[in-house]
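Please open the structure in a viewer and keep the sequence panel visible. The stops below are to be selected in the order in which they appear.

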Amino acid sequence: MTGPAVAQPAAEDSYAWLEDVEASKSLDWVKQQNARSEAEIADTPQFKQLESEILSILDSDAKIPAVQKIGPYYYNFWKDKQHERGVWRRTTLAEYRKQVPAWETVLDLDALNKAENTNWVWHGADCRKPDYQRCLIALSRGGADADVTREFDLTSKSFLEDGFYRPEAKGGLGWKDADTVYVYTDFGDGSMTTSGYPRVVKEWKRGTPLADAEVVYEGKPDDMYIAAFHDDTPGYQRDMVSRTLAFYNDELYLRTTDGKLAKVDAPNSANKSIHRQWLTLELREPWTVGGKTHVAGSLLATPLDDFMAGKRDFVELFVPTEHTSLASFTWTRQHLVLNVLDDVKNRLSVLTPSDQGPWQRSEFVGAPDFGTLAVSAVDEDESDAVWLTSTDYLTPSTLSLAEVGKAPEVLKTMPTFFDASRDVIEQHFATSKDGTKVPYFMVRPKDMQRDGSNPTLLYGYGGFEISLTPNYSGAVGKGWLEKGGVYVVANIRGGGEYGPRWHQAALKANRHKAYEDFAAVAQDLVSNGVTSPQHLGAQGGSNGGLLMGNMLTQYPQLFGAIVCQVPLLDMKRYNHLLAGASWMAEYGNPDKPEEWAYIKTFSPYHLFDPAKDYPPTLFMTSTRDDRVHPAHARKMMAKMAAANKDVRYYENVEGGHGGAANNAQAAHMSAMAYSFLWQQLSK
């Protein structure tokens, strides 16, 4: 399997040897670090009790089984104590309505792993419309992004020995018709982008070698990801090719029956989607077209055929304000449901399309007036039914089935996993260094004393236009809230809480604003008497791990402990490690001197100063993470340990970027994080 070219680390990087992920020397080092961390954190009765409680939550049979309608059945992938790796199963809607549905097993991953002596992790299934007889199932070894795709028969509930098979690589396989698939994967030298993703997509006929598949489209080496897919909507069947140059920078092409491509000539930064006869564009930058300027964050619609013929007449379905942004939208058979964030609180509405004039707008009947709301279509081809979930930090998730225009029917309610009766949720705003108001949620005991003594955990992410909204977590409840801790989530710039402008405000040279926002929330908590630096901890993963690295190196005086998970830390090398090149639109290109000039100001690996004092820190990552290289955490740990700092490290041998491949591993890592934080902050 080929991959992107890897530049050699600088000679002065004395810990570069830790970039060799599975070298015996590296793994021996990992084992030594793990053993030290286990001895310090996990070797107590309190830890074992918490780990057991979190595992029981993750393994609970009472969790809501999320389902996907595939043909006449409703499918669910489920993990519990009896199904460590998971079971793919199905039921009918009538059964699903019952408190304890009867499930039919379709694929047992634990049994498959035993039979094949492999540690497969489920990556999903693409089932062929309209007969739903065959599926393309993706499986990953140990949870890595790289996976295989195998053809599966839903009638016999078995893999086809002579079916479509895509060897292990980053990429995918998708149906075009019963005997044809689109395949984008590692075809050999030069077929992958510098980000390590597919550069070429081909059309592959059943019964022919993969090597004979015909090229549909070739991207450039410095593109991010090339793919193709087929839309099976009855009456609107079409084929499309997507060329992703970078995050929020892509091109979409319609593919004709003779194989020619016609570009959907909308801005690269716009999120382009097609439903039946409609083209929708979610703008990330202002766009002047047809004599009118549409602001960033708007959602536009126009008939696709008219657009491809050159017309540029749009209906504005959503226009953001200072306080609102579009969280998501979902199509049903006849309607479009908008999910809007209003100061990070969800509001739902319904739009009904019109070929002539304005679309009809109405309220979503029966939408809960609390917490985080999510809406998705049950089957956009057949009905106007949607799944509606609602939750917050203290209220277990509720799943309802709603027909647009009618009151929702509550189907499932997650059980209570911790005692929330003593807590309350509040929203506050901190003032950042440049005067920007930054929202944050705080979950606190009702009788909290503002004497600065409360163990407080501050969580953040702040990147890639991802919003952090209130969600129920049994692990947070057991590991933190039930003990009397305060839990805070910061909605800092770089995220999507206020749409594209909130994200773009912290890109590249402005990255520091995300860190200033997080520091402002920390300072607000202290100034309001909620906590004090010795009782304030911070936690984040991936881009949030980079956030933690910068809190550690730039704001060490604000925190009493930090948990840094699957992080980016060496920002000089990040674009040469695994998928790092795909994030240069977010952070910049460190190989360009003019961009390294600002990137080095938020590269924790380079900001570390052995002469400074730092708060106790725990780094956590996964050997099998093939998205963010584990060397980021490894090298930072080694550098800090060499300077005798208060630091520890834990690396799970499986799990991919999510950190864990099964519930037991997830419970162990959660318990490690919360136990470490409580040990440090409750002193």
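## Two residues with positive phi

Begin in the loop that joins strand E37 (561-565) to helix H10 (584-587), where Val 566 is found. The model is a predicted one. Val 566 is not a glycine, yet its phi is positive, at about 30 degrees. Its relative accessibility is 11%, so Val 566 counts as buried.

Next, select Asn 117, in the loop between helix H4 (109-116) and E5. Asn 117 is likewise a non-glycine residue with a positive phi, of about 55 degrees. Is Asn 117 buried or exposed? With a relative accessibility of 73%, Asn 117 counts as exposed. As background to both selections, most residues other than glycine have a negative phi.

## Helix H4

Asn 117 comes just after H4, and the helix itself is the next selection. Colour Leu 109, Leu 112 and Asn 113, which are buried residues of H4. These residues cover an arc of only 100 degrees around the axis, and therefore lie on the same side of H4. In general, an α-helix has 3.6 residues a turn, so residues three or four places apart point the same way. Now colour Lys 114 and Ala 115, which are exposed on the other side of H4.

Which elements cover the buried residues of H4? The cover includes strand E2 (73-78), strand E4 (104-108), E5, E6, strand E7 (147-153) and strand E8 (158-159).

Move then to the start of H4 and display the side chain of Asp 108. One of its side-chain oxygens reaches to within 3.0 Å of the backbone nitrogen of Asp 110.

## A cis peptide bond

Follow the chain to the loop between strand E5 (120-127) and strand E6 (134-141), and select Pro 130. The peptide bond from Lys 129 to Pro 130 is cis, and its omega is near 0 degrees. For reference, most peptide bonds are trans.

## Aromatic rings

Display the aromatic side chains throughout the model; 31 aromatic pairs are found in a search of the whole structure. Select Tyr 96 and Trp 387: their ring centres are 6.2 Å apart and their planes stand at 80 degrees, so this pair is edge-to-face. Edge-to-face applies here because the angle of the planes has to be over 60 degrees. Tyr 96 belongs to helix H3 (residues 93-96) and Trp 387 to strand E29 (residues 385-391), so the pair ties together parts that are 291 residues apart in sequence. Tyr 96 is buried, with a relative accessible area of 0%, and Trp 387 is buried too, at 7%.

Continue with Tyr 73, Tyr 75, Phe 77, Trp 88, Trp 122, Phe 152 and Phe 159, which ring pairs link into a cluster. Add Arg 90 to this view: its charged end sits over the ring of Tyr 73, at 4.5 Å from the ring centre. A further charge over a ring is seen on selecting Lys 202, which lies over the face of Phe 187, 4.2 Å from the ring centre.

## His 629 and its contacts

Select His 629, in the loop between strand E38 (617-622) and helix H13 (631-642). Its relative accessibility of 7% means that His 629 counts as buried. Which backbone oxygen does the side chain of His 629 reach? The partner is the backbone oxygen of Glu 19, at 3.1 Å. Leaving aside residues up to four places away in sequence, His 629 touches Glu 19, Val 21, Pro 567, Leu 577 and Leu 578.

## Helix H14

Select residues 663-681, which form helix H14. At 1.5 Å a residue, its 19 residues should span 27 Å, and the end C-alpha atoms are 27 Å apart, which agrees. Of these 19 residues, 15 are buried, so H14 is largely enclosed by the rest of the structure.

## Asp 355

Finish at Asp 355, in the loop between strand E26 (346-352) and strand E27 (360-363). Asp 355 is exposed, with a relative accessible area of 56%. Residues up to four places away in sequence not being counted, Asp 355 touches Gln 277 and Trp 278. For a last distance, select the C-alpha atoms of Asp 355 and Phe 518: these residues are 163 residues apart along the chain, and the two atoms are separated by 46 Å.

Methods
Residues are numbered from 1 along each chain as its sequence is written. This is a predicted model: local features need pLDDT of at least 70, side-chain atom pairs count only at pLDDT 80 or more; totals for chains, interfaces and linings use all residues. Side-chain values use heavy atoms; hydrogens and water are left out. Rings of Phe, Tyr and Trp (its six-membered ring) pair if their centres lie within 6.5 Å; planes under 30 degrees apart count as stacked, over 60 as edge-to-face and the rest as tilted. Helices (H or I, at least four residues) and strands (E, at least two) are DSSP runs, numbered from the N terminus. Buried means under 20% relative accessible area, exposed over 50%, partly exposed in between (1.4 Å probe, protein chains only). A charge sits over a ring if NZ of Lys or CZ of Arg is within 6 Å of the ring centre and within 35 degrees of the ring normal. The arc is that of the directions from the helix axis to the C-beta atoms. Contact means heavy atoms within 4.5 Å. A polar contact is a pair of N or O atoms within 3.5 Å; within protein, one must be able to donate a hydrogen and the other to accept it, and residues adjacent in sequence count only if both atoms are side-chain atoms. The expected span of a helix is 1.5 Å times one less than its number of residues.
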